[in-house]
Amino acid sequence: MRQPVWKTYKLYIGGKFPRTESGRYEAVRDSDGSLVANVSRASRKDFRNAVVSARAAFPAWSGATAYLRGQILYRAAEMLEGRAAQFAEELEQQGLDAAAARRDVVRAADLLVGYAGWTDKYQALFGTVNPVAGPHFCFSTPEPTGVVGVLTPRRAGLSPFIEAIAPVIAGGNTCVALAPFEASLAAISFAEVLHTSDLPGGVVNILTGQRAELLPHVAAHMDVNALALWDASPDERRQTEEMGAANLKRCFFPQLGVGEMVETNPALLMNFQEIKTTWHPVGS
Amino acid sequence: MNASTELVLHSSTTDTAFKSLRYPAPVIDEVGVAERVARFRSRSIKAASKRAAIDLAMRMIDLTTLEGKDTPGKVRQLCAKALQPGPGAPPVAAVCVYSNMVSVARAALEGSGIHVAAVATSFPSGMSSLKVRLEEVRWAVGEGADEIDMVISRGRFLAGEDNVIFDEVAQVKEACGPAHLKVILETGELQTLDAVRRASEIAMDAGADFIKTSTGKVSPAATMDVTYVMLCAIRDFFERTGRMVGMKPAGGIRDTKTAIAYLVMLKETLGPAWLTPDLFRFGASSLANDLLMQIVKEQTKAYQSPLYFSED
């Protein structure tokens, strides 16, 4: 009888798949208790390295054309669709039933397509031309905030993870995403999807590990410009706001939508945008 | 150095017999060097040692600005940073500037104990007459430089004219008077580690107080491999003559982790006596900020961002 090859799910940092520097792993077991895979438990140093990669990737990604960002996100949806069976299986291994797993992967792909569409449209929707009293052309446009820490929803399924990171990168930010244990297999496999979609290394960095261990370091990191803490408890929220104050970090505490509808949310996208207003002199 | 060797070196011109007599081509095992150097990078540094190393590295920095666009204002700003790099950080060892900025730096640093180093001898290429280059050294010393960073004539060296290199270093050393002399080998142009080793020996025999890897204008600049070869040359020179020569890797050392690896290499090659700014320097500008970020990180326990540290 052949011995199966069990996979160890590594991290995704700077376009590479390193092991956690801490050498810590957690076992994923299926419903009857047998080993499915090992996933990495990222340390604060892994997080620090991921921020360095995200910062390095920011100038090129924020400077890329909206059209290109849309193409890459769309490409990710294509790649995901092509590997839907694998993702559904991984979601089943982490507790979803077969039908729910299939629906979740479809929803994840549709969310990517939706945000791919937003990449070159939100500027027109949220940018404004401002009437001013004087010979100036005055306009306000959104620009990406920078490096965003995303602590994704503690839910099974790939689509909650996508729901958390897609609006961040669609808007030209780079991110470090912490996937919950419940979705760790699909999240790291999704890194392979991103990796084969021409997404530049470092734009999305994916860690798996424990939120309680990493949250203080995300909240306090001076080079993280914004933070999205999904499904936050009141204690987590207070801790994050206190620690994030040191560099005036933008902190958001979104809740997951209900149901399985495909709803892209441009308000989420705008959380991670700064409004720049330009006064341009014009002739009288 | 004994008198008879000096006589031989000065009297020879271009004959190959001289080379084979005095500087037989060393044979350096490049793979062995790379392997040894990789070990220095894998040492486990505990927290207290790391704090001490960061402090020492900061005190060893030659804070450098060598650009055609340098202004007195920029040099004064650099000097202010040299005096007080940041909260909880010690002053650096020296400020390194072009010779026409020496008087500005000297005035800004008067009484502080921070040295003023000038690059001279037609830096960075050295492609001028020896007369002009020596005159620049005397001028820089007159302006107030107490350290001179000279470049060797790499073209002449690669052409096999070791005696020319010896003579120019010896004459620059004489022109320096009381100022310390650092000899830049520009290892990025020397092609092989064997050449680095030979150039190191010639420079030390000719009177260098420090040997230095690079100008920072040529890539690759300092690497741990060439620095290791130069440290070994310093060790062998010390065993032969009893004189302690300093080492300055310059260019390309940007982060704390690399700086600490250099200090590990220094201590394990030359011993603790060399762990002083009098005998080891980092030629760097961006390293200071990375060290500062580490110091502030120790104080606040939060990872830092380069956005909050002034570039100059």
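Student: Leaving aside its neighbours within four places in sequence, which residues is Met58(B) in contact with?
Tutor: Good place to start! This is a predicted model, where local features need pLDDT of at least 70 and side-chain atom pairs 80 or more, while totals for chains, interfaces and linings use all residues. Residues are numbered from 1 along each chain as written, chains are lettered from A and ligands numbered from 1 in written order, and side-chain values use heavy atoms without hydrogens or water. With contact meaning heavy atoms within 4.5 Å, the partners of Met58(B) are Pro85(B), Ala89(B), Pro90(B), Pro91(B), Val92(B), Ala93(B), Ala288(B), Leu291(B), Leu292(B) and Ile295(B).

Student: Which helix gives the most to the largest nonpolar core?
Tutor: A nonpolar core joins buried Ala, Val, Leu, Ile, Met, Phe, Trp, Tyr and Cys through side-chain atoms within 4.5 Å; buried is under 20% relative accessible area, exposed over 50%, partly exposed in between (1.4 Å probe, protein chains only). The largest has 95 residues, and Met58(B) and Ile234(B) are among those touching the most other members. With 10 residues, the top contributor is helix H11 (residues 224–241) of chain B.

Student: How many residues are in the second, separate core?
Tutor: This one includes Ala57(A), Trp61(A), Tyr122(A) and Leu158(A). Its size is 60 residues.

Student: In S7(A), what is the bridge partner of Val150(A)?
Tutor: Helices (H or I, at least four residues) and strands (E, at least two) are DSSP runs numbered from the N terminus, and strands pair with at least two DSSP bridges. Val150(A) is buried on one side of S6(A) with Val148(A). S6(A) pairs in the parallel sense with S7 (residues 174–179) of chain A over five bridges. There, the partner of Val150(A) is Ala177(A).
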